[in-house]
Amino acid sequence: MSLQESPQDLDSWITYLKEKPLPVRSSVQQRLSRAVQSDATTLQSLCNQIKSDPTVCIYLVRLANKLHNEKGSAVTSIEHAVHSLGFDRIEQCIQQLELIRLNAGSVSHKLYFRSIANSHHASIQVHEWLKGRGNVFADELQLAALFYGIGHWMMWLHAPLHMSLIHQKIREHEIDVVLAETDVLGCTIQEISHDLAMEWGLPELTIESLDHDTSPGRDIIDVMHRHALRDPTIEDDERRELNHLIQQKYFPVKLANWLAITASFGWQQKKAKQLCMIISDYLGENTADVVGKLHQNCAIASRIFNVPGTLAPATELLMLESDLVPSYKISIKEIETVLIDCPKPAARRKPLRSKAPEQEIIRTAYAPVDASCKNEELLKKLAAAFIKGSPQIKTPGHVLQCTVKALHDGLGMHHTTLYRVHNKKMVSTLSSGIPKDDPLASYQFDLEIPSLFKRLCDKPGYIWITPQTREKMLQSMPENYHPFIPESGAILMSIFSGNKAVAIVHTDNRDQAIDDFHNKRARYICTAAGQAFKNLLAAQSETN
């Protein structure tokens with residue numbers, strides 16, 4: 001891969017990163033080399049020193065797990081790895097480690113070590129939570145928690161410009177973390193961590209913990225918070241799903257890393273406080289007592305793994321709430337340095353819209369449209385068919401086709417696209433007003449990624465984007481969708497069948513502003529389409 005070429009998706013990121021090193025400080029290598037060569041050193045005392053540096057841990061665990069895989073077993077802790085390797089293999093591995101000299105002026109270096117410190121913090125939290133409860137898997141869970149954030153380690157060292165851009169989106173534009181990562185990388189950092197763990201042969205629990213399929217959605221996290229608040233309105237299905245989740249072996253691994261990552265944005269923010277309550281509920285202890293223990297564990301972690309010049313988790317804990325944030329922007333001077341070895345974020349090619357069909361009249365920018373329908377008779381006919389029922393509307397497909405027809409041919413919206421919602425994805429299936437080869441006609445998006453589209457699928461919604469609100473609304477939408485929202489605004493709405501989203505509708509007037517007349521009627525049509533689905537469900541029930 002050339003220096004100028006940036007990975008664009010998960011596979012290309014793994015290809016780029018999997019052979020890259022995780023360097024350690026020379027002082028760490030020297031200290032461990034002296035310990036290995038000393039006659040006074042035991043494997044247990046050596047293990048205690050090794051555990052103080054996560055990068056050394058990952059190399060030894062990778063090596064030990066490779067040996068165990070040949071015997072059909074697996075490494076379950078740092079101690080297990082150390083005793084499996086013995087002095088000779090450990091010494092050989094330590095001598096082969098790539099070294100790094102910390103540059104105090106490098107944002108990339110400092111955040112590389114800071115991301116490692118966050119992972120170490122998570123591992124200490126897990127171990128301290130579980131050791132007092134007699135959990136026999138405490139060491140194994142600690143190991144999985146330690147390696148959960150390897151994608152962050154690798155990205156800050158080997159793709160710092162991408163990470164800096166992600167943090168600008170998160171901190172300056174308040175874009176959701178997952179959406180920001182997907183916009184910049186084409187995947188999430190958790191996915192990168194997961195596939196790297198597989199490539200490197202890390203323990204199975206690490207891989208399982210990082211699997212997106214094991215990650216709860218925001219709805220279940222909300223249930224966790226409500227449960228911590230002793231909310232009596234939690235339904236039985238929600239309670240069963242919550243109980244199933246917290247009984248999973250990987251759950252404390254995720255919980256500790258959520259805390260470590262969230263706290264790095266500020267211990268006093270709302271999300272961090274909610275996580276503290278969820279952890280208290282999980283441990284079954286008083287919130288105030290648990291918060292005190294969390295802070296104590298944070299201090300322990302910072303004392304064990306401490307890199308001079310790097311903001312430690314415990315230091316963040318002591319900082320008063322303010323607008324000040326740690327450095328995350330790569331300076332112009334540093335950009336010149338990192339571009340020698342690291343890729344530059346690709347300028348996202350914004351898909352261009354095709355020109356409107358020639359028969360349509362394009363007015364001056366933001367000119368209001370006439371307060372009238374293109375075909376009022378058609379609009380009323382279709383709306384009535386939705387609400388009262390019609391023998392011509394027999395299937396969900398008929399409802400969706402008539403919705404697009406009502407908005408485009410009836411109301412006169414210049415452009416309408418309908419996305420079918422299926423298998424947690426939205427896929428463009430019907431369009432009017434644009435050519436078939438227009439990028440929007442084939443657009444699709446993963447609805448597991450937090451975004452405006454996901455919110456529209458969580459519950460029925462209707463959003464009128466105006467020229468005044470456009471910039472703000474774009475912050476919660478995928479970056480590659482921004483060009484599809486005209487400067488003049490657009491309307492987005494979801495259509496439900498029962499309690500399940502079946503479609504999302506996008507409609508706009510291109511270079512003409514949408515007035516209140518068209519806004520109200522567009523909303524009425526989509527509401528009527530929802531009623532049409534209710535009629536179909538009722539008719540189906542009667543038939544059965």
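The paragraphs below lead through a predicted model, beginning with one asparagine, N509, and then turning to the enclosed spaces inside the protein.

A convenient place to start is N509, which sits in the loop that runs between β9 (500-508) and β10 (512-513). Although N509 belongs to a loop, its relative accessibility is 1%, so this residue counts as buried, the cut-off for that word being under 20%. The side chain of N509 comes to 3.0 Å from the backbone nitrogen of H414. L97, by contrast, is 412 residues away from N509 along the chain, and the C-alpha atoms of the two lie 60 Å apart.

From this residue the reader can move on to the cavities, of which a search of the whole structure finds two with a volume of 30 Å³ or more. The largest cavity holds about 40 Å³ of space, and its lining is made up of F113, A117, F305, N306, V307, T310, L311 and A312. Sorted by character, the residues of that lining comprise six nonpolar and two polar ones, with no charged residue among them.

The second largest cavity has a volume of about 30 Å³ and is lined by K51, S77, I78, E79, D139, Q142 and L143. Two helices, α5 (78-95) and α7 (138-147), each contribute at least two residues to this lining, and α7 gives the most, with three. Here the lining of the second largest cavity divides into two nonpolar, two polar and three charged residues, whereas the lining of the largest cavity has no charged residues.

Technical notes: Residues numbered from 1 in each chain as written. Predicted model: local features only at pLDDT ≥ 70, side-chain atom pairs only at ≥ 80, totals over all residues. Heavy atoms only, no water. Helix = DSSP H or I, 4+ residues; strand = E, 2+ residues; numbered from the N terminus. Buried < 20%, exposed > 50% of the residue type's maximum accessible area, 1.4 Å probe, protein only. Polar contact = N/O pair within 3.5 Å; in protein donor to acceptor, adjacent residues only side chain to side chain. 1 Å grid on protein atoms, 1.4 Å probe; cavity = no way out; pocket = protein on both sides within 12 Å on 5 of 7 lines; lining within 4 Å. Points joined across faces, edges and corners; volume = space filled by probe spheres on them. Nonpolar A, V, L, I, M, F, W, Y, C, P; charged D, E, K, R; others polar.
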